[in-house]
Amino acid sequence: MAIEEFVVDSVPTVFYVPDYVSEAEEEQLLKNIYNAPISKWKTLKNRRLQNWGGVVHDKGLLAQCFPPWLEQVTHRICTESRLFPSAINHVLINEYLPDQGIMPHQDGPAYVPVVAILSLGSPVIMNFTPHPSVKDAGGTTDSNNNTVSEPEPMYMSNGVFGEHRPFSVALMPRSLLIFKDAAYLDYMHGIEDSELQRYDVAINVKNGLLVNGQIPAITNLEIVSGNSENGGSTNIRRTVVSTARSQSSREFSARALDSVLQEYAFKSFVRPRTGIVYDRKLPANFTGIGVAALRLRSGSLRRRGVRVFKEFGIPIGIFEQPYCERLVLVYHNLGNWSSVYYPLPGYTLLAPVLGLLAYDANDLSASSLSELDIRASEDPISINFPNVQSRADGSSPMCVNFGLDGSVGFDNFHLLTSHFVKLHSV
Ligand SMILES: [Mn+2]
């Protein structure tokens, strides 16, 4: 890659490389980002971010190693662009929702003289505006490069400042933007907090740098019929891809766990007898999680229920959908992993998250089975937590319900104990 080919028009220290990573790489990066522990996110007023590589300090960086996936992509950016004086050692991963942006700012002394931005998920327009402190470039230095006059900075209404003009760059998903030196020091950069952003004025759109000699396949473009002044403009609509992914990725980890636990639960049946609860010991990396399995005839479940299955009480009238002759009820107790798989910011879990999932028992060596729906035609399934204590701070206990589709539902409970339960489709 010859980075010089990617100079953005008249700004020689801004480089835009379209399609720098493939869709598969983008997918993998997003997966890695959203699989990071929830504690890795720092939530700010208008966005959240992950900090990798250590703590940026007044006196420099208290360095920490990157995880391999981040090491790999930063190493590639560094070696291919040849614009970095040394290896990339710090990364901020900012997540913006469609109506979130960032005020015009500079990245500060720690990252001087060059930064790279890899865009994932959604397009966005980044605006560069001359920093009010830049000196007028015209005729202010003599032949020895000494400043001979320092005209008062004049920040004109159109944002032009001497030779410095505002400009915008469209950052498409998978693109790489690098800016350095003058673009770093003389400009601020920012993102408007609007869902629709002017696309046709972006400098890399105008000069065709947006993609490598092709018309970009952009599905979220909108022509906004304009007034007589601008004659209409083309906008991009920012998408929620990254949030959707964050949601699906949280589900992914919880759902992936469901499927792992199903496999282990099924393996607990050696010579299975109907109606007996089989506890399954899990490998060390799942220490703290409890799983058990119970195989039943559908008719027996419906007519007799199961008086006690761990914390669950299953009354008569419970049936599965779609129908199968025999089914397996898999019990989960997520123990100290509860808030990892089912984080609920702003709440404290008073009890572990429990699960009761039903599967077709036809093939006990099956994996990746999809769950059956469990329906209650008479009384609901009940859950009994024997050792839950209310908190002394006057907060009221509630019950929360995590659906397989990622939904979260709250109920006020006035029962003896509060229930925090992962209960699917009852
Ligand atoms: Mn920045």
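This is a short dialogue on how to read a predicted protein model.

Me: What kind of model is this, and how are its residues numbered?
Reply: It is a predicted model, in which local features need pLDDT of at least 70 and side-chain atom pairs count only at pLDDT 80 or more, while totals for chains, interfaces and linings use all residues. Residues are numbered from 1 along each chain as its sequence is written.

Me: What does the pLDDT average over the protein, and which residues stay under 50?
Reply: pLDDT is the predictor's confidence in each residue, from 0 to 100. Here the protein averages 81, and 81% of the residues score at least 70. Over residues 136-157 the pLDDT stays under 50, and the model has 21 contacts for them beyond four places in sequence, where two residues are in contact if their C-beta atoms, placed from the backbone, lie within 7 Å. The stretch of residues 242-251 is also below 50, with 15 contacts in the model beyond near neighbours in sequence. Where pLDDT is low, the predicted coordinates should not be read in detail.

Me: How many helices and strands are there in the protein?
Reply: Helices (H or I, at least four residues) and strands (E, at least two) are DSSP runs, numbered from the N terminus. By that reading the protein has seven helices and 28 strands.

Me: Which strands form the open sheet of four, and in what order?
Reply: Strands of a sheet pair through backbone hydrogen bonds, either parallel or antiparallel; two strands count as paired if DSSP finds at least two bridges between them. In this open sheet the order is S17-S18-S22-S23, and the pairing is antiparallel. Strand S17 (277-280) and strand S23 (354-360) are at the edges with a single partner strand each, so one side of each has no neighbour in the sheet. S17 pairs with strand S18 (residues 290-297) over four bridges, and aspartate 279 has alanine 292 in S18 as its bridge partner.

Me: What joins S5 to S6?
Reply: A hairpin does so, passing through two residues. Strand S5 (residues 54-57) and strand S6 (residues 60-63) run antiparallel and are joined by four bridges, with valine 55 standing opposite leucine 62 in S6.

Me: Is aspartate 19 buried or exposed, and what of arginine 82?
Reply: A residue is buried if 20 or more other C-beta atoms, placed from the backbone, lie within 10 Å of its own, exposed if 12 or fewer, and partly exposed in between. Aspartate 19 is partly exposed because it has 17 C-beta neighbours inside 10 Å, whereas arginine 82 has 10 and therefore counts as exposed. Aspartate 19 lies in the loop between strand S2 (11-17) and H1, and its phi is positive, about 45°, although it is not a glycine. Arginine 82, in the loop between helix H2 (68-81) and strand S7 (91-95), is likewise not a glycine and has a positive phi of about 55°.

Me: Which residues have the most contacts inside the largest nonpolar core?
Reply: A nonpolar core is a set of buried Ala, Val, Leu, Ile, Met, Phe, Trp, Tyr and Cys residues joined through C-beta atoms within 7 Å. The largest has 41 residues, and those with the most contacts inside it are Tyr16, Val169, Ala170 and Leu177. Another core lies apart from that one and has 35 residues, among them Val291, Ile314, Leu357 and Ile374.
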